[in-house]
Amino acid sequence: MMGGGLIPGSINAIVGTYGTGKTTFGLQFIWEGLLIGEKVIYISLEEREDRIYTYMEEKGWDITPYKGKSLIVVRLDPSDFSLAINSIRNELPALIRQVGARRVVIDPISLFEDLFDTDAVRRREMLRFVEDMRDQECTIIMTSETDKSDPYSSRHNLIEYLADTVILLRYDRREDRNDVYLTLEVVKMRRSAHSREIKPYEIQKDRVLVHTDATVF
Ligand SMILES: Nc1ncnc2c1ncn2[C@@H]1O[C@H](COP(=O)(O)OP(=O)(O)OP(=O)(O)O)[C@@H](O)[C@H]1O
Ligand SMILES: [Mg+2]
């Protein structure tokens, strides 16, 4: 659907409501990086480090050889405003360079965006952050929850403008059939002739699997 995958060095947004598989997607992305010998960083604004390691182990992945070496997990507590801002603004770029990370996941960036009091400050800070990230030699995934009233928009309707790629994860309800299914679409992808189709996907134990051969009705 993306014409070969995320573009190396690009900044990508995964937008979806709760439980649509954003974390699973992010973890799968860093795991695949580890398997090809890349160094990866996972910034968690929601869960503690040990929980992230446990999630990965529960997926059946043996992270022992990578833990603390090529796999760096950092818990960032968004309740400490100045610490969180300083960590994302100053320490993250330094950490990426120090580790030599090729893949970075920030899950979810929406908790960071929540820290700012006004839209103007949020916009300025996020612009600056994305600009700083562009100078890094790594591929970045930022996840975001959706807006409460708009399932097509990220919480602050900002990262879709800043990111190179936007992937939207959604629940679709079929009232007549009394079930819910998940759909994925590549809404935007700079420098790529990506698919415009909406495809069903499922969250499996160890991966997000998109059924590109199936059609959504
Ligand atoms: N072992 C599993 N096998 C199949 N599906 C699973 C498994 N574990 C979790 N899921 C599904 O994945 C969903 C959670 O996925 P994930 O945590 O990646 O979503 P998320 O978008 O990050 O959610 P949140 O916004 O709450 O952080 C669960 O609601 C469940 O439907
Ligand atoms: Mg999550």
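Which residues surround ligand 1? Going along the chain, they are Thr17, Tyr18, Gly19, Thr20, Gly21, Lys22, Thr23, Thr24, Glu46, Ile203, Gln204 and Lys205, where being near the ligand means having a heavy atom within 4 Å of it. Before we go on, keep in mind that this is a predicted model, in which local features need pLDDT of at least 70, side-chain atom pairs count only at pLDDT 80 or more, and totals for chains, interfaces and linings use all residues. Residues are numbered from 1 along each chain as its sequence is written, chains are lettered from A and ligands numbered from 1 in the order in which they are written, and side-chain values use heavy atoms, with hydrogens and water left out.

Back to the ligand. Its shell divides into 2 nonpolar, 7 polar and 3 charged residues; here Ala, Val, Leu, Ile, Met, Phe, Trp, Tyr, Cys and Pro count as nonpolar, Asp, Glu, Lys and Arg as charged, and the others, Gly among them, as polar. Helix H1 supplies the largest share of that shell, 3 residues. (Helices are DSSP runs of H or I with at least four residues, strands are E runs with at least two, and both are numbered from the N terminus.) Look for an oxygen atom of ligand 1 lying 2.8 Å from a side-chain N or O atom of lysine 22. Threonine 23 also has a side-chain N or O atom 2.8 Å from a ligand oxygen, and for threonine 24 the distance is 2.5 Å. Taken alone, ligand 1 exposes 650 Å², and the protein buries 54% of that (Shrake-Rupley areas with a 1.4 Å probe).

Now follow H1, residues 22-35, to its packing against H2, residues 49-58: the angle is about 75° and the axes are 11 Å apart. The axes are lines fitted to C-alpha atoms over the stretch in contact, with angles running from 0 to 180 degrees between N-to-C directions. That angle makes H1 roughly perpendicular to H2, a label for 65 to 115 degrees, with under 35 called roughly parallel, over 145 roughly antiparallel and the rest oblique. Leu27, Ile30 and Trp31 of H1 touch Ile52, Tyr55 and Met56 of H2, contact being heavy atoms within 4.5 Å. The tally is 6 nonpolar, no polar and no charged.

H3 (residues 81-99) and H5 (residues 119-134) come within 10 Å, axis to axis, and cross at roughly 10°, which means that H3 is roughly parallel to H5. Ile88, Arg89, Leu92, Pro93 and Ile96 of H3 meet Glu125, Arg128, Phe129, Asp132 and Met133 of H5. This contact divides into 6 nonpolar, no polar and 4 charged residues.

Finally, a backbone detail: aspartate 107 and proline 108 are joined by a cis peptide bond, with omega about -10°.

Notes. Polar contact = N/O pair within 3.5 Å; in protein donor to acceptor, adjacent residues only side chain to side chain.
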